[in-house]
Amino acid sequence: MKKDFYEILGISKSATPEEIKKAYRKKALEFHPDKNPGDAAAEENFKMCAEAYEILSDPNKKAKYDQYGHQAFDGGGGGGGGHHMNMDDIFSQFGDIFGGGGFGGSFGGGGFGGNSGGQRRVKGSNLRIKVKLTLEEIADGVEKKVKVKRKIQAPGVKYKTCSTCNGQGQVLRVTNTILGRMQTAATCTVCGGSGQTIESKPTNADAYGMIMEDETVSIKIPAGVVDGMQLKVSSKGNDAPGNGIPGDLIVAIEELEHEFLKREGENLHFDLYISFPEAALGVSKEIEAVNGKVRIKLEEGIQSGKILRLKGKGIPSLNSYGSGDLLVHVNVWTPKTLNKEQRIFFENSLTDENFIPHPEKGDKSFFDKVKDMFS
C-alpha cells in the first residue's frame with residue numbers, strides 16, 4: 001500500500017503552501033543521499049518526499065490527489081513523482097526549494113546528477129503536450145502518435161571539456177561566514193553546467209550546438225486514465241548539450257465529453273427516457289454503452305427514477321482488476337400536450353384506483369438513492 005503523501009511530509013491536509021515547502025525542505029535535508037551515503041532506505045525516503053512535494057505543491061495536482069488519492073497519478077507513468085522521476089528531476093526540484101542550488105555540489109543542487117564525484121550530466125528540458133481522448137479511448141486504452149518539435153544535438157557538432165570547471169559542470173567557491181570558511185559549489189557559467197563547451201558546430205545550430213527537429217512519438221495510454229492526469233515518456237524531451245541526457249515528454253490527458261454518457265470515477269451514467277405506455281406495459285430498449293450497445297428489458301410498471309446497474313459496463317480500473325458499472329437512470333416522459341381523446345382518457349383516470357400512487361417500502365425516494373450512491 002502506497003504511503004499517504006501528507007504522512008510522508010508529516011503535515012495535515014490543511015497545511016498552507018509555505019508549510020508544505022517548509023516540511024519538504026526539512027525532510028529532504030534529513031534524507032539527502034549526500035548526507036546518507038550508501039543508505040538505500042534514506043534514498044527511498046528522499047524519493048518519496050520529492051514525489052509528495054511535487055504533487056502537494058501544485059494546487060491542481062493537490063486537488064486531484066485529495067479527491068482520487070494515488071490513483072490520480074500512478075497510472076501509466078504517474079504524475080512525474082519520486083518513483084517515476086529520475087534523480088536529475090529531484091535534484092532540480094530540490095535546488096529550486098533552496099534558491100537555485102545555493103547548497104551547491106555537496107547537495108546536488110541545480111538539476112545535475114546526485115553523485116558527489118565524477119562528471120556531472122545535465123538533463124535537457126522537458127516538453128509538455130496535451131492529448132485529447134474520447135471516453136471510448138479511455139475505456140479501451142489507446143496508442144497515440146503525436147508530432148513533437150524537440151531540440152536535438154546537430155549532426156557534426158563537436159564538444160570539448162570545459163576548461164573553466166574541468167568538465168565538472170560546477171565551480172567551487174569559498175566564503176567566510178561566522179561559522180568559518182565554507183566551501184560551496186555553483187553552476188559553471190561558461191558551460192551552463194554541462195561540463196563541455198562547443199569546439200565546432202554547423203552554421204544552423206544554436207549556441208549550444210542544438211537544432212529543432214520534428215519527431216513522431218508513440219504514446220501508449222492505459223485504460224482508465226483520468227482528466228488532468230500526466231503521463232511521462234522518458235527521453236523524448238529536448239536533448240542536452242555534450243554528454244547530457246534528454247529531458248522527458250510530459251503528456252497531460254484531456255477527456256472529451258461524451259454525447260450520452262457521464263463519467264463518475266470508474267462508473268458511467270446514462271439517462272434513459274421512456275414513454276408512459278412503455279413504463280406501464282414494459283419494454284426492451286437498446287442503450288449506449290462505452291464499448292457498444294446493450295439491450296435491457298424494463299419490466300411493466302417500472303417507476304420513473306429507477307436506477308438499473310449493469311455490472312462491469314463502466315471504465316476499467318487503472319490500478320486494479322475489473323471495471324466500474326453503467327448506471328441507467330429511468331425517466332418516464334410525460335407528454336406536454338394531449339389530443340381530445342387522450343385528455344378524456346386521463347380525466348376519467350384521475351379517480352381510478354389503479355392510477356393513484358401507492359409507493360411501497362421498497363421504492364426508494366430520490367434522496368435515498370442519492371444517499372446510497374455516495375455512501
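How many disulfides does a search of the whole structure find? The search finds zero. Keep in mind as you read on that this is a predicted model.

## Cysteines without a bond

A disulfide is a covalent bond between the sulfur atoms of two cysteines. Two places in the chain show how the cysteines here miss that bond. The sulfur of C162 has its closest cysteine sulfur in C165, but the gap is 3.8 Å, so the two are too far apart for a bond. A disulfide needs the sulfur atoms to be within 2.5 Å. C191 is in no disulfide either: the nearest cysteine sulfur belongs to C188 and is 3.7 Å away. C162 is buried, with a relative accessible area of 1%, and C191 is buried as well, at 6%.

A threonine brings these two cysteines into one picture. T197 sits in strand β6, which covers residues 196–200. Leaving aside residues up to four places away in sequence, T197 touches K158, Y159, K160, T161, C162, V190 and C191. So both C162 and C191 are contacts of T197. T197 itself is buried, with a relative accessible area of 17%.

## The nonpolar cores

In soluble globular proteins, nonpolar side chains tend to be buried together. The largest nonpolar core in this model has 41 residues, and those touching the most other members are I219, I221, I287, I296, L326 and V328. Strand β11 (residues 267–275) gives this core its largest share, four residues.

I287 is a good residue to click on if you want to look around. Not counting residues up to four places away in sequence, I287 touches F270, L272, G292, K293, V294, I296, L310, L326 and V328. Apart from the largest core lies another one, made of 23 residues, including Y6, A42, F46 and A50.

## Aromatic pairs

A pair of aromatic rings is described by the distance of the centres and the angle of the planes. The structure holds eight aromatic pairs, and two of them are worth a visit.

One of them joins Y24 and Y53, which are stacked, with 4.5 Å from centre to centre and 10 degrees between the planes. This pair links distant parts of the chain: Y24 belongs to helix α2 (residues 17–31) and Y53 to helix α3 (residues 40–56), and the two are 29 residues apart. Y24 is buried, with a relative accessible area of 0%, and Y53 is buried at 11%.

Another pair is edge-to-face: F345 and F355, with centres 6.2 Å apart and 80 degrees between the planes. Here too the pair links distant parts of the chain, since F345 is in helix α9 (residues 340–349) while F355 is in the loop between α9 and α10 (366–373), ten residues apart. F345 is partly exposed, with a relative accessible area of 45%, and F355 is partly exposed at 35%. Ring pairs also link F345 and F355 with F276 and F346 into a cluster.

## Salt bridges

Side chains of opposite charge can pair when their charged atoms come close. In this model the count comes to 17 salt bridges. Among them are these:

| Salt bridge | Closest N to O |
|---|---|
| E43 and K47 | 3.9 Å |
| K61 and E54 | 2.6 Å |
| K293 and E288 | 3.2 Å |

The surroundings of these pairs can be read from how accessible each residue is. E43 and K47 both lie in helix α3, four residues apart, which is about one turn of the helix. E43 is partly exposed, at 31% relative accessibility, and K47 is partly exposed at 22%.

Are K61 and E54 buried or exposed? K61 is buried, at 11% relative accessibility, and E54 is buried at 15%. Buried here stands for a relative accessible area under 20%.

In the third pair, K293 is exposed, with a relative accessibility of 54%, whereas E288 is partly exposed at 21%. K293 has already appeared above, as one of the residues that I287 touches.

Salt bridges can also join into a network: R150, E215, K236 and D239 are linked in this way.

Notes
Residues are numbered from 1 along each chain as its sequence is written. This is a predicted model: local features need pLDDT of at least 70, side-chain atom pairs count only at pLDDT 80 or more; totals for chains, interfaces and linings use all residues. Side-chain values use heavy atoms; hydrogens and water are left out. Buried means under 20% relative accessible area, exposed over 50%, partly exposed in between (1.4 Å probe, protein chains only). A nonpolar core is a set of buried Ala, Val, Leu, Ile, Met, Phe, Trp, Tyr and Cys residues joined through side-chain atoms within 4.5 Å. Contact means heavy atoms within 4.5 Å. Rings of Phe, Tyr and Trp (its six-membered ring) pair if their centres lie within 6.5 Å; planes under 30 degrees apart count as stacked, over 60 as edge-to-face and the rest as tilted. A salt bridge is a side-chain nitrogen of Lys or Arg within 4 Å of a carboxyl oxygen of Asp or Glu.
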